[in-house]
Amino acid sequence: MSLLIAQNLSKSYQEAHGRLDVLRGLDLTIEAGEMLAITGQSGCGKSTLLHVLGMLDHADSGTILFQDKPISIKDKTIHEFRNRHIGFVFQFHYLLEDFTAEENIAMPQFLASHNFTKSLKQARELLKELGLYDRREHYPNQLSGGEQQRVAVARAMINSPEILLADEPTGNLDPVHSSELVDLLHQYNRTREQTLVVVTHDMNIAAGVKIHYVLADGILHPA
Amino acid sequence: MIKIVGFFLKKYIYSRRREWLRYDSMFLILGIVISVAAVTVALALFEGYEATLKQTILDVNSHIYVFQPGHENLSEESVQELSDFLLSQPQVTVVAPIIMSSAMATKGTRIKGCLIRGVDWTRPELPTRYHGFVTRGTSHLEQKNDTVIGAKLASQLGVTVGDTISLISPLNSKVTPLGMSPTEFRCRIVGLYQSGMYEYDTKYVFLNISVAAAFTLHPEEYSMMEVKLTDDAVDSADFLAYRWSEEFGNQYQISSWIDFNGNLFALLNVEKWTVFIILSFLVLVAAFNVVSSVSTTILEKRREIGILKACGASNRLLKKIYLSKSLIVSVVSIILGLLVGVGIGSFLEAQHFFLLKGDVYFLDKINVAFPWQNLGITSVVALLIVYLTAQIPLRRISQLEVTAILRKE
């Protein structure tokens, strides 16, 4: 049983100068424990694909099966699905400004369990793993770019999601922090068999990943 | 879900940026405080007026009156029969006959219409609290020509305790060789009566019952019987009056204070709630600030909403979080509004600059009352208006798409 299967996905945007087709009958199968990299030119639809796979956006047509069950963004409980099965890491950290590092990490767990103490405890464990325990009560603007992104990864991981979707996770980091973050993602893939889909411009990241696709003309091509 | 909402609320209250001190929040608070205060003051004035009027009416009138139908006077036998019957009723505490007659009070060139009330002042307790309202002088009418008159009547006549006035009654004229001569009676003022009821303070002239009988030229006849009821029977006075009329086979006309004033209180009640409804529109207008405040918050928090949605927060939860922020501000504003309203109301009661026109409103002093149920109704209605108004901008939360938010960020 595959973890996630996308079949014949199409998505287009209506723009001032006409229709822009970003996905044209795209197919993709992701097995549990795999790490995939998707590259492509700017504006080719990489982020759109990731959002569609993560149920943040809808495709115009096509189906997505998660563990062989069809899922749709229109499902009433889709927020629960996102909370429990999907972890997101974005190019910009997108941390909640009014919440401390540990509260940010605990948030998805808190939304699921309604148990703040338990969620906070788990968040602190993750912060220890990341070497950021001392920064737990710091607000996002008191953290460096690399620290912010590692906190964002920890937040995505707290509910042990089946699949982690990372959209240009190093796009906003310097080479040193970028390398640290890629190592962290590889570590999660190796030690926890975490399924990972990384959308990136950085060919160095893509080169380190076993499965590498290039998105062009709305479909995926093996690199 | 309550825990999550509570957590966000705590964060909001203790937020580093003091969100609730924002410009739009201040206007929201100010609008609700002013409108709730206005409603509170209006209701307090009505409630105070109604309560004081009722108390004054009950103080200056007896609870039940018994007349002879057809403007006839009650005979000595009728008074005895009625006294025996009424005093045997468990709801009755005191019974006494009185004499009433219209007359003119004069002092020098000043003449005023007045109402003679002949009362047995020697009795320790009367159905109506006459003694208690004698604010100057005494209520002991020791001499035959002693009188107690309304304080405002005294002022209109330019007299006070110790002065003499003449009472003239053309109704009770004597036949003389020179023709009809109006009865004239000179009396000395020993006390001034001040009930707070304008109508009474400008009209009443009290005499001893025997003197009044002589003045009206109807000895051993009485105008009516006054009846005082036990406290718990006061509000059912109309029912008792009806029942006793039936028992006497409508031989006597028995009326209660409710029969005389029922319409007034019904009207006051209608006016009170009409004003409440009208003033509730003030709260509604103030609640429009809720729309702008919540809209601004949602616009400002687009990023936060997008992130929380991506983390798995439902639209329902997000709506509850942002609604609770508005409600907490509104609850504080409503409490402040109530406090301001109570403060203004209390000031109006304490001050002596703005008085009512006694000849129009019966009472000249402004009185307020703040029954819990009125404060409760005001709070609940204000909160309901805020809650319903907030639903309009909250709908936007469902319409916000995570991808659109993140793309703009």
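**Close-ups of salt bridges in a predicted two-chain pairing and beyond**

At 19% relative accessibility, Arg303(B) falls on the buried side, because buried means under 20%. This and everything below comes from a predicted model.

**View 1. Arg303(B) reaches across to Glu97(A).** Arg303(B) and Glu97(A) form a salt bridge, with 3.8 Å between the closest N and O atoms. Arg303(B) sits in helix H9 (residues 302–311) of chain B, while Glu97(A) is in the loop between strand E6 (86–89) and helix H3 (101–113) of chain A, so this pair joins two chains. Glu97(A) is partly exposed, with a relative accessible area of 29%.

**View 2. Arg192(A) meets Glu129(A) within chain A.** Here the two side chains come together in a salt bridge, 2.9 Å from N to O. Arg192(A) is in the loop between helix H6 (175–191) and strand E8 (195–199), and Glu129(A) belongs to helix H4 (residues 116–129), so the pair ties together parts of chain A that are 63 residues apart in sequence. As for solvent, Arg192(A) counts as partly exposed, at 35% relative accessibility.

**View 3. Arg117(B) pairs with Glu226(B) out of the solvent's way.** What separates the closest N and O atoms of this salt bridge is 2.9 Å. Arg117(B) is in strand E4 of chain B and Glu226(B) in strand E11 (residues 224–229), so to speak two distant parts of the chain, 109 residues apart. Both partners are buried.**View 4. The surroundings of Arg117(B).** Strand E4, home to Arg117(B), covers residues 110–119 of chain B. With 2% relative accessibility, Arg117(B) counts as buried. Its side chain makes a polar contact with the side chain of Tyr204(B) at 2.9 Å, and another with the side chain of Glu226(B), also listed at 2.9 Å. Leaving aside neighbours within four places in sequence, the residues in contact with Arg117(B) include Tyr65(B), Ile98(B), Ile99(B), Met100(B) and Tyr130(B). Also among them are Val205(B), Phe206(B), Leu207(B) and Met224(B).

**View 5. Salt bridges across the whole structure.** How many salt bridges turn up over all chains? A search of the whole structure finds 14. Side chains of opposite charge can pair when their charged atoms come close. Back at the buried pair, Arg117(B) forms its salt bridge with Glu226(B). Elsewhere, salt bridges that share partners join Asp98(A), Lys301(B) and Glu304(B) into one network.

Terms used. Residues are numbered from 1 along each chain as its sequence is written. Chains are lettered from A and ligands numbered from 1 in the order in which they are written. This is a predicted model: local features need pLDDT of at least 70, side-chain atom pairs count only at pLDDT 80 or more; totals for chains, interfaces and linings use all residues. Side-chain values use heavy atoms; hydrogens and water are left out. Helices (H or I, at least four residues) and strands (E, at least two) are DSSP runs, numbered from the N terminus. Buried means under 20% relative accessible area, exposed over 50%, partly exposed in between (1.4 Å probe, protein chains only). A polar contact is a pair of N or O atoms within 3.5 Å; within protein, one must be able to donate a hydrogen and the other to accept it, and residues adjacent in sequence count only if both atoms are side-chain atoms. Contact means heavy atoms within 4.5 Å. A salt bridge is a side-chain nitrogen of Lys or Arg within 4 Å of a carboxyl oxygen of Asp or Glu.
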